[in-house]
Amino acid sequence: MRVRSVRPPIYGVMAEFNNPTALVNAAREARARGYRRLDAYTPFPIEELAEVLHLPKSKLPLIVLIGGILGGLTGYLMQYYVTVIYFPINIGGRPLHSWPMYIVITFELTILFAAISAVLGLLGLCGLPMPYHPVFNVPRFARASRSRFFLCIQATDPLFDRKATEDFLESLEPREVAEVAH
Amino acid sequence: MSAPKKLDLPAVRALLEKAHGRDYWRSLEDLAETDAFQDLMHREFPRYASEWEDGEGRRNFIKLMGASLALAGLSACTRQPTEYINPYVRQPEELVPGRPLFFATAMPLGASSTGLLVESHEGRPTKIEGNPDHPSLGACDVYAQASVLGLYDPDRSQALAEEGEIRSWSAFLETIRQAVEAQKAKQGAGLRILTETVTSPTMADQIKGMLAAFPAARWHQWEPAMAHSAAAGARLALGQPVNTIYDLRGADVIVSLDADFLASGPGSLRYARQFASRRRVRDSQTGMNRLYVVEPMPTPTGTKADHRLPLRAADVEQFAWSLAAAVGADTGGRKGIPNAAFDKWIGAIARDLQRHRGASLVIAGEQQSPAVHALAHSMNALLGNVGKTVVYTESVEANPVDQVASIYDLVKDMDAGAVDLLLILGGNPVYDAPVELGFRDRLKKATLRVHLSLHEDETSELCHWHLPMTHYLETWSDCRAHDGTVTIMQPLIAPLYAGKSVHEVLTMLTEQPERPGYDIVKSYWSRQHTGADFEAWWRKVVHDGIMPDTALPAKTVALRQGWAASLPQPASRQGLEIIFRPDPAVFDGRFANNGWLQEFPRPITQITWDNAAFMSPATAHEKGVVTSDLVELEYRGYKMRAPVSIQPGHADGCVTVHLGYGRTRAGHVGTRIGFNAYGMRTSNALWQDFGLKATKVGSGYLLVSIQDYHALDTRRHIIEKAAIEEYRRNPNVIQESAEAPPRELTLYPGFPYDKYAWGMAIDLTACTGCGACVVACQAENNIAVVGKQEVHHGRHMHWLRVDSYYHGDIENPEIYNQPVPCMQCENAPCELVCPVQATNHSSEGLNDMIYNRCVGTRYCSNNCPYKVRRFNFFLYSDWNTPSLKLQRNPDVTVRSRGVMEKCTYCVQRINRAKIDAEKEDRKVRDGEIQTACQATCPAEAIIFGNINDPNSRVARMKAEKTNYGLLADLNTRPRTTYLAALRNPNPEIEA
Amino acid sequence: MAQIFHRSTNTFSRITIYGAVFVLGFLTWAFATLDRSGYETRQSEPREQPVPFSHAHHVADCGIDCRYCHTSVETSNTANIPPTKTCMNCHSELYRTSPTLEPVRASYRTGESISWTRVHDLPDFVYFNHSIHVNKGVGCESCHGRVDKMPLMWQENSLQMEWCLDCHRHPEQHVRPREAVFTMGYQPKEDQETLGRRLVQEYKIQDVRALTSCSTCHR
Amino acid sequence: MADERPLIDEELQPEPVIAPGYTFGTVTDQIASVVLTRRTPVFWMACFSAGFALLLLLLWSVALLFAKGVGIWGIKIPVGWGFAITNFVWWIGIGHAGTLISAILLLLNQQWRNSINRFAEAMTLFAVACAGMFPLLHMGRPWLFYWMFPYPNTMGVQPQFRSPLVWDVFAVSTYATVSFLFWFVGLMPDLATLRDRATNRWARGVYGMLAMGWRNSVRHWHHYETASLLLAGLATPLVLSVHTVVSFDFTIAIVPGWHSTFFPPYFVAGAIYSGFAMVLVLAIPLRAVYGLEGLITEKHLDNSAKVMLATGLIVGYSYMLETFTAWYSGNVYESAALWNRMTGPYAGAYWFLITCNVVAPQFLWFKRVRGKPILLFLASLVVLVGMWLERFVIIVTSLAQDYLPSSWRIFTPTRWDWATYLGTIGLFLFLFFLFIRLLPMISIFEVRTLLPQAKIEEEGQA
């Protein structure tokens, strides 16, 4: 991306649609028009949008895998260290390194670490928590979590031009087009 | 449920007929599946659901425990509060702080005494051990073991009192001197001294001295549980009240006529050891003596019998007549009343006795009639046992009198108002004198009454003066063993309270100045043992705990011709027979306030905290009662309510009641529990009589036994047993039946135990089930008393228990005793499940239990197949009562609430011995470590040691073919193993 | 819709979430440290005594052997706090008028024992035996520190279980020749490792499995 | 998950899971209004205060427990575990249904789950909370519970990792954490909805904070979908493992009646069984009171009933198997233990539980029964009782009569056993109704996806 020296006066322009289909089509249009810095807001996940906007595949699975492996190792090594090295004690004549007995905790810690890294990963990738965000400045945006579907073209987009972009969005027959202040 | 189902005997028999796999059983209720049993079993949400919350329950509990909410428990990770150390000002030479000292003394009981070595920590006696040099051979009974708690009993009377007002000794001295002065004039005609049986030479000397000064004064003796009729029997047959001593080492055939000679009465400790020594079957030696027992109530001796026959006490006499006649002894041609029950036995036993002339023995029970004793004497005489297995000596008592007559005379005099000054030195006659004498009321007619006793009891209540007596562990005195051997009793601790000894009180009556007990005893003996070496001699005698050559010399006596002629024919035999016996735990009532003894599960019955009316299944069936019903016993117009306990192996047609309960002034522990059988005991029927009526008046009495009712499947490897013949034929018979998996049957490498490997072997053939080990363990390991309610909830704390199992028919089953300590399994199931490593294995194979690490999940106990683990459900240990703190063994942690505890093989003793050995750079010697249970066992049934050393006693026992592991099939690899129970039945009778 | 939160909340809220991790870490560390702190163990905290008895003076200056007062250290589990008599052996002659020694004389007169403040206090469920340690070549100094430099006695070491275990696991790093057990400021002539191993052999010190078995100290 | 088979109901997909006529707006309003606008119904008040009262009982009995010791319960030697562990297993089991619905059904793409998973998960959390208390309460010295966790301590001693109790500690705490995370992640979009719809500024503040600035961006949804799939994937083996581990408490021990290898599947099935029973017990009154019949339809009840039936059959099969192996093994102790269970002191309890768990559910074969909410409700209650008894019988009868008859004793609960048990039910109700009042009990955004409007018409493609 090109680094823009001056911060644009607004965050972007946002169009509100009645139903998912309209939004998806609008998004497709925008992509076709060459807009790249797009974001869509919908009250429920819509897989098509991801395709339309060509979102990269999520990195979450990798994070979780690493977390899980770490957890597993922690679990097993901890038990091995405690029972064999740290304080070897004869428990009911069982061998010090009785690995079958270690499986449970190893497993549980694998899951625990994986799950935690999944959640933290999710927050990280989504850039959450972010209680303040420009889009909230749009009064009608509250409906994004109820029944309306929004398409936002950000000012950072190379093709962005306050007037032209708004006209373009109007051409998609939205309910309304609004500017998004910072 | 259907109509109430009573114990239906035919049904039970039928049940037993077709009973496979359950020819062992725990109780009749179980066999018969009576309502009582069913009810108990089905009571998932029963009436005493919240006993401990219930007022009564709580009071009992707090009384015993002092409910303290010490949450801190045994947690280490808190900042320690500042403590202080108060060293000696002048430290005694022999005392090394932290190392216990042992002092020899003896515990007198009745006409005998037990030689003791008392362990003392910085001047606190904490544990009783036996003195091996003493005739009691270093063993102890439950009374001796528990007596140390008696010393510290917080309820002991702590001050002298006149009519309840606290007074000083000088005040008493004044009063008594005046009273004695007053007697001077009339030669002491109004002076009476009442003592218990006296064996103390010093005391006898003092009293005789008094009597010399006051010729008209009288010395009376009364002790309720004495062998009153033995003396009478001796007079009858031999013309004099001799003392009979047995030597079982030479006895191949023994007939016990209602004699519990292995577990009670003078010399029983010695006899138990001698008896066991003739029964120990080893690869080398497979000879065994043979024991016949006829008795009404099963006793430890009965459980050892090769042939046991339950007979009413009166029938025992008839049995004796018939046997004597069959043997050919002098019975004046008289025979017993024919009785199908034993007639078929008489011949066989007689022949067996005759086959072993000079190596046989007939023992008459202390409580049996004079006739039985006489018959025993004549049989032994005829069989040539006298001088071999039987020895006669002068009486051990300082002044053998007919105590019944003695107390009778006293009462008569009191009634006549002839008694001005009555000194009751020990004893509790108001409680235990024959009922018809009305001692309680007549006592009031004595002008001045003085009572010297450990507790402020029923008698003290009615006396003007109560004098606190010193406990025998606080006293300089002397006493005789069953064979007359004298022991100088030395105090282990200065009197805790304002007490004085009998000797000191007696001097107060004389003009002589007050002298400490030490001087009194020593001066007496200095008169006996004149000579320059006295001091040295005295020091040695005190140190050794026995006085050399004071055993009474054997006495030759001749059987009186025609002694039998004088005897009357038996009186009417109407109604039930009532049988009085001393309680196995509280004896004649003197130990009623001892928590250890109250909670001690009685041998065989396993009952705690109560006495009961024991009767046979048949009798119970006939009376329509079951265990824990209440019956009203009526005898000679005396009425009494008692809980029923059905006792398999009890004779039909009779009821056994134990003395010593129903105390009204015993202390916090012993007051108002059980019923007072003395209330029906008359002077002419001290032990048994006919004419008892028993009628059911209620049910649901809480009779607590530590073993609940359940059947036992013989396919479970619990008791392995065999007849000696089987064993001789195939020595492997035991190990073939116990299915222990082979050692190599494992995937695990296993842990090496190269240096020491501690183990224990318990010989079931020797064990009499007397239970001394249980109390010894309690004393050694600071085990708490929990009280009746908690025992009922299954929360008793004994680390070692003696299980008893029945085998065979209900009228006369074989009874087996099995002491069960921790098995110290090598593959301990408990360790595997502990979440915090609070129990794990030491390098020497001990199953360690670390109280301060325990968080109390109780998982280990759940997973222990032997259920030897005990849990502190509440704060059971008394952390408050100061005197009880003094008793504690400083080498064992006092457990707090919420902590699991269990037998550790007395690890404190192991560690002490190991440290001593290491300092001397040697290995621990075999026998150097004795666990508390082992040390006290009269039968030497418990052996502990290092199984890595092939020559150790324990290793050799474990090498025996009779050795087996309890539940060995679980592959827990117990370190505690058992030697099977062998019996030597008479083929003639078996056939 | 209007903004509910100010811009700054973004940074703030992130810190709270990702900061939590560090907070937890810190707490664990803080706990572990506090548990071992002198406050908890009362380590190196000189204790007030009824008589300001100076080990420094008696040991260093007078050169009295430990065993003169602590008589049972070689024979018993406790080293024994000396009876007043022991003090008076000398102090009936020396400093017989010194006011600081009055409590001692008083105790000797009245038979009331002096109430010393306990310095080394193990929990009641720990059974430590002086004699075996001393006999196996563990110096007084190893646990009690340079007593000869302590005017008032203090607890040199933490006396925590891990501290005991350290020596029970590696006796060779701590044992010294028997003759040096009572010397203060002892320096091994040779390398401690080799010397230690030799002594462990020589004194037949039990193997680590035995030394670290729980019942060795807990009963 | 062979036992889940009946769930996949082929003809379910085409026909709508929720009643027709809903729009994105109406769905949102109806669910959100329960929390934001609608007046609190008397029903809620009643249940909540009932729960609160019982909660006080819990506090009381726990205070007494800590003051006096576990002796206030009926436990004894040999029955070291009584109500406490019974309740523990029971509650954990109930928890399982929540995770099952939210995770496994998600993986199995069962859309009907969308309208019940939220409160089912909440149920899981609170059930686990109740369960989690017992391992702590039942300890003799609960103030030392932290010794069960590995941490740097001055004693140099750590937990004994071979003990199933330590496994429990790890399994249950993991389960609690993961369930919470899963639940919270599921909540985020709905919290955003509440944030946007709340009028009270405090409410907006709180919901806003919790929503973490969720703004329904396609990018959020993109990661979000992956995350919930991953979490579901993790939660599924976890939920199965948890009750397996719980069953290890028994199978690892040598106690006859505990020591058998088929406990894990047996316990898991039982868990789901009781869990779904609890789901129905909660769902049926709720939908009636809040008029949610449109969202939680007959279909949901019907499916849940089928799951109960299936798992019920597995449980019944396990009882048979238990008896069979005891007999077939020829092991004295095992067979004796089973015999005692059936004929001994606890025979009553045993046969009663058989009736509850095996006989009662057979009615669920009939569509008519499954169609009647009230009947389902009763059936579920019966099953809950039955499952509690099952655990009681397994634990207590096995311990009361194990190896040495000399130590056999009968367990008898005290009033405090009952108080603690009822108390935890109080805690559960308390927490659950708090949840109903403060958070959307149905996942709003997931229900939106169920609406026909949510489909994208492909005409735009051309």
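**Figure 1. Asp302(D) is a buried residue, with a relative accessibility of 6%.** Welcome to the first close-up of this predicted model. The side chain of Asp302(D) meets that of Arg370(D) in a salt bridge, with 2.6 Å from N to O. This pair links distant parts of the chain, 68 residues apart: Asp302(D) sits in helix H9 of chain D, and Arg370(D) in helix H12 (residues 367-371) of chain D. Arg370(D) counts as buried too, at 10% relative accessibility.

**Figure 2. Arg287(D) and Glu298(D) form a salt bridge between their side chains.** The N to O distance here is 4.0 Å. Arg287(D) belongs to helix H8 (residues 263-289) of chain D and Glu298(D) to helix H9 (residues 298-329) of chain D, so the pair ties together parts that are 11 residues apart in sequence. Is each partner buried or partly exposed? Arg287(D) is buried, with a relative accessible area of 5%. Glu298(D), at 40% relative accessibility, is partly exposed.

**Figure 3. In chain B, a salt bridge joins the side chains of Asp689(B) and Arg636(B).** Their N to O distance is 2.9 Å. Look for Asp689(B) in strand E26 (residues 688-698) of chain B, and for Arg636(B) in the loop between strand E23 (630-635) and strand E24 (638-646) of chain B; the pair therefore ties together parts that are 53 residues apart in sequence. Arg636(B) is partly exposed, with a relative accessible area of 40%. For the wider setting, a search of the whole structure finds 87 salt bridges over all chains.

**Figure 4. A network of salt bridges links five residues of chain A: Glu16(A), Arg140(A), Arg148(A), Arg175(A) and Glu176(A).** Follow the side chains from one named residue to another to trace this network.

**Figure 5. Thr487(B) is buried, with a relative accessible area of 0%.** This threonine lies in strand E20 (residues 486-489) of chain B. The side chain of Thr487(B) makes a polar contact of 3.4 Å with that of His134(B). Setting aside neighbours within four places in sequence, the residues in contact with Thr487(B) are Thr105(B), Ala106(B), His134(B), Ser477(B), Asp478(B), Cys479(B), Gly545(B) and Ile546(B).

**Figure 6. Helix H2(D) places ten residues in buried positions: Trp44(D), Cys47(D), Phe48(D), Gly51(D), Leu55(D), Leu58(D), Ser61(D), Val62(D), Leu64(D) and Leu65(D).** Helix H4 (117-137) and H14 of chain D are included in what covers these buried residues. With 27 residues at 1.5 Å a residue, H2(D) should span 39 Å, and the 39 Å between its end C-alpha atoms agrees. After H2(D) comes Gly69(D), which has a positive phi, near 120 degrees.

**Figure 7. Chain D meets chain B through 69 residues of chain D and 76 residues of chain B.** About 6,000 Å² is buried between these two chains, and carbon and sulfur atoms give 56% of that area. On the chain D side, Ile77(D), Arg141(D) and Arg409(D) lose the most area to chain B, together 13% of what that side buries. How many salt bridges are counted between chain D and chain B? The count is 1, with the side chains of Lys867(B) and Asp402(D) meeting at 2.8 Å, N to O. There are also 35 residue pairs in polar contact across the interface, with both residues at pLDDT 80 or more. At least two residues each come from helix H2 (42-68), helix H5 (164-197), helix H7 (218-251), helix H10 (332-343) and helix H14 (415-438) of chain D. H2(D) gives the most to this side, with 4 residues. Sorted by class, the chain D side holds 46 nonpolar, 15 polar and 8 charged residues.

**Figure 8. Chain D also touches chain A, with 65 residues of chain D in contact with 68 residues of chain A.** The two chains bury about 5,700 Å² between them, and 72% of this is on carbon and sulfur atoms. Phe161(D), Arg162(D) and Arg215(D) supply 15% of the area that chain D buries against chain A, more than any other three residues. Between these chains the count is 2 salt bridges; Arg146(A) and Asp29(D) meet in a salt bridge of 2.6 Å, N to O. Polar contacts join 22 residue pairs across the interface, both residues at pLDDT 80 or more. Helix H1 (24-35), H5, H7 and helix H15 (444-450) of chain D give two or more residues to the side that touches chain A. Which helix gives the most? That is H7(D), with 18 residues. By class, this side of chain D has 31 nonpolar, 21 polar and 13 charged residues.

Technical notes
Residues numbered from 1 in each chain as written. Chains lettered and ligands numbered in written order. Predicted model: local features only at pLDDT ≥ 70, side-chain atom pairs only at ≥ 80, totals over all residues. Heavy atoms only, no water. Contact = heavy atoms within 4.5 Å. Buried area = accessible area lost by both parts, 1.4 Å probe. Polar contact = N/O pair within 3.5 Å; in protein donor to acceptor, adjacent residues only side chain to side chain. Nonpolar A, V, L, I, M, F, W, Y, C, P; charged D, E, K, R; others polar. Expected span 1.5 Å × (residues − 1). Buried < 20%, exposed > 50% of the residue type's maximum accessible area, 1.4 Å probe, protein only.
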